[in-house]
Amino acid sequence: MTHKMNEFTIDEARKNKECQEAQDTPQAQARKWLTELYAGNSDAKKRKKFILWLNSNEANVHAFRYSLQVWKAIGMTDSAVDWLEQQVDRDPVIVLTPKPKPKFKHRLATSPMWLSSMAASVILIAVTAIYHSPRTLEITPPAIAFNSPIGQNRSITLSDGSDVILAGNSSILVDISQDTRRIILQKGGAYFDVSHDPSRLFLVTAEHLQVRVRGTAFAVKHSADNAIKVSVQRGLVEVVDLPEQGTTDEQMLQLRANEQVRAAFNGTFITEVTQFNNETEFSWLSGRLIYDDIPLKTVVIDINRYAKKPVVILDESINDLAITASFTFDQIDQALDGLAAAYPIILIEENERKVLTKQ
């Protein structure tokens, strides 16, 4: 009995030692630091201890950089959901994101972002850190990326109570804190029904264009010719051409209900403020696309948010062909056949795409 007990004790001791050694590897320490640093409870003493650990040897630097890349990879796949669900009952974690293009002045967040409210939806977390030198780690405020797949819209309720509907194949970055409400439209389009808050502006930035509101409903979409379109359904909206670096002048327009404007990616307004048909403009919210004398290139951009195969216009001479049509997301294939029958268009079916050219 004693002999067997000794064997058991020795075996357990060996396993414990191996486990301890595994926990002491640079990779394990890096993961631990990554969690502690962004749990929202790190202080100056802990950060100093981290810098000392980071600079103690190259293995630590490489391990920490690798861990950051792994976290970033997790954030770029739907497996983030499973990972988040495992973290719900643990310490809160603050995530990091790259600095957005617009020139905002951010402060380092000091309060934790609780993940329990996020785990129920498919969210993507972008995690990155920028090393200016082994001794300098730049950390930007937390943000969350929301994406929608090709073929369907996605509805989201933000932490401030605002509702967002992403068009198919769209993406936004969301940064909401006690002081700010910032959204970056990375691609596609989105509809915002903003919860009124007189103390915090709601900012939506797309390229060099920014929309500023306190509580209203509007849509921002990437459109034809590398342009951004802002359409207001309800309330008052300020649309701002963000200044280029080194300048301070802002060009600003005010839009009211049923008004819209288009701007180039550099923020320059390329149309006057115009009126639009509310039922037609926002039909995509209910799963339908409606067009009344709209250029074919615009129709194709919308179709490609929902089509099973991408649609390509090969002949530029038909880009501005005025289209009048109405169809649901599920009727896109039939609609393309109908366009080819009703307009001077040839539709060519290929393995990976559908091609439109002049008849």
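Reading a sheet and its edge strand

Q: How many bridges join β3 to strand β6, and how do the two strands run?
A: This model is predicted. In it, β3 and β6 (residues 171-176) are antiparallel, and four bridges join them. One bridge can be followed residue by residue: I144 has V174 in β6 as its partner.

Q: What is the strand order of the open sheet that holds β3?
A: A sheet is read from one side to the other, strand by strand. Here seven strands follow the order β3-β6-β7-β9-β10-β13-β14, and their pairing is mixed.

Q: Why is one side of β3 and of β14 left without a neighbour in the sheet?
A: β3 (144-147) and β14 (251-255) are at the edges and have a single partner strand each, so one side of each lacks a neighbour in the sheet. Across this sheet, neighbouring strands are turned by 20 degrees against each other on average, with direction ignored.

Q: Is R154 buried or exposed?
A: The word depends on relative accessible area: buried means under 20%. R154 has 15%, so R154 is buried. This residue belongs to strand β4 (residues 154-157).

Q: Which backbone atom lies 2.9 Å from a polar atom of the R154 side chain?
A: That atom is the backbone oxygen of N147.

Q: What do the totals say about the whole chain?
A: The chain has eight helices and 21 strands. Of its 359 residues, 44% are buried. Among contacts with a separation of 6 or more, 54% are between residues 24 or more positions apart. The exposed area of the chain is about 19400 Å², and 51% of it comes from carbon and sulfur atoms.

Technical notes:
Residues are numbered from 1 along each chain as its sequence is written. This is a predicted model: local features need pLDDT of at least 70, side-chain atom pairs count only at pLDDT 80 or more; totals for chains, interfaces and linings use all residues. Side-chain values use heavy atoms; hydrogens and water are left out. Two strands pair if DSSP finds at least two bridges between them. Axes are lines fitted to C-alpha atoms, for helices over the stretch in contact, and angles run from 0 to 180 degrees between N-to-C directions. Buried means under 20% relative accessible area, exposed over 50%, partly exposed in between (1.4 Å probe, protein chains only). A polar contact is a pair of N or O atoms within 3.5 Å; within protein, one must be able to donate a hydrogen and the other to accept it, and residues adjacent in sequence count only if both atoms are side-chain atoms. Contact means heavy atoms within 4.5 Å. Accessible areas come from the Shrake-Rupley method with a 1.4 Å probe; for residues, only the protein chains shown count as cover.
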